[in-house]
Amino acid sequence: MKPAACEFPLALIGLLQTCEFIVVLTGAGVSAESGVPTFRDAQTGFWSQFDPQELATPQAFQRNPDLVWNWYEWRRELISRAKPNAGHYALVEMERRFPDFILITQNVDSLHQQAGSGKSAELIELHGNIWRNKCFIENAILTKWDETGEAAPRCPRCGGFVRPDVVWFNESLPQVELTRAWQAAQKSQVFFSIGTSGLVQPAASLPYIAQQHGAVVVEINPDTTPLSRDASYVLRGFAGKILPALIEAVWGA
Ligand code: BV8
């Protein structure tokens, strides 16, 4: 059921019609309507016995590189069948509408880019990208390697294992992206937190940085999160429904 335009607070609509600098932080929930399970969703089949937070670590990869590599291959296959949804496309529309717009994503699936985000504004991937791979030892991006019969391929230069170029738990985020995200949050007039449980740091601190610097914080999520009690506005529902309706309420059909 699409939210009616009148369901949005008039003050928020008025603010979005006049403000200049919008920053959006997205999480796995934005890809949920594309059929990509979120981090908190139960995994299916063979992978249901594993906790993603346990698998997405350098320790898990060092213990069993083939298991972790196969988990990413399973996710890549699943994501390859996913298409951007109405929420992704609404964010592309917002990127076109606002003079200053930055999209910060925790997602690694490239669905924002597939929808067209990042063409006319900055797109910051905080947690890397599942479609890139790198050497576990040298950290250098790899696009080809020798197949060895093992699941996890080997770096053609040093023989180390190849791993996905994503940020695992207990790994630092890329410094350039993190700094740019921090600065964007500090300068934003309105900061949207969309489809994220707000449990993973340091991304979860960004809405608070924005709020401390005077931004109005808007959360879009069907469920309550730790941010819900602190956000200026909470739009309870699915991103794929709320974002297109919000665009219509602010700029007309
Ligand atoms: C680091 C890539 C320094 C891999 C991911 C401070 C306090 C506590 C802990 C820490 C802290 N600082 C650091 C930590 C440790 C850790 C952490 O935060 N742990 C938490 C969980 C306790 N953080 C780190 O390790 C980070 N590194 O800080 O470096 C350091 C260095 C050395 C040693 C120690 C520290 C690195 C974190 C990055 C981890 N990598 N992804 C991969 O994908 O395989 S995180 C992973 O979780 C995904 O990126 C995912 O996006 C992200 C966050 O989850 P969400 O996106 O929020 O997804 P989630 O499933 O949780 O929620 C989805 C939401 O969507 C839900 O609320 C749901 O209701 C909603 N939803 C569902 N459908 C919809 C919807 N919303 C809208 N519309 C819908 N249709």
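Colleague: Which domains feed the lining of the largest pocket?

Modeller: Domain 1 (1-36 + 83-127 + 173-253) and domain 2 (38-81 + 134-166) each give at least three residues, with bounds from an automatic or database domain assignment. Mind you, this is a predicted model: local features need pLDDT of at least 70, side-chain atom pairs count only at pLDDT 80 or more, and totals for chains, interfaces and linings use all residues. Residues are numbered from 1 along each chain as its sequence is written, and side-chain values use heavy atoms, leaving out hydrogens and water.

Colleague: What makes a residue part of the lining of a pocket?

Modeller: A pocket is an open set of points on a 1 Å grid over the protein atoms alone, where a 1.4 Å probe fits, with protein on both sides within 12 Å along at least five of seven lines; lining residues have an atom within 4 Å of a point. For the largest pocket that gives 50 residues, with Gly27, Ala28, Thr38, Phe39 and Arg40 nearest its centre.

Colleague: Which element gives the most to that lining?

Modeller: H5, with 6 residues. Helices (H or I, at least four residues) and strands (E, at least two) are DSSP runs, numbered from the N terminus.

Colleague: What volume does the second largest pocket have?

Modeller: About 200 Å³, the space filled by probe spheres set on points joined across faces, edges and corners. Among its 13 lining residues, Lys134, Asp165, Val166, Val167 and Pro174 are the closest to the centre.

Colleague: Why is the second largest pocket said to lie between the domains?

Modeller: Domain 1 and domain 2 both give residues to its lining, so it lies between them.
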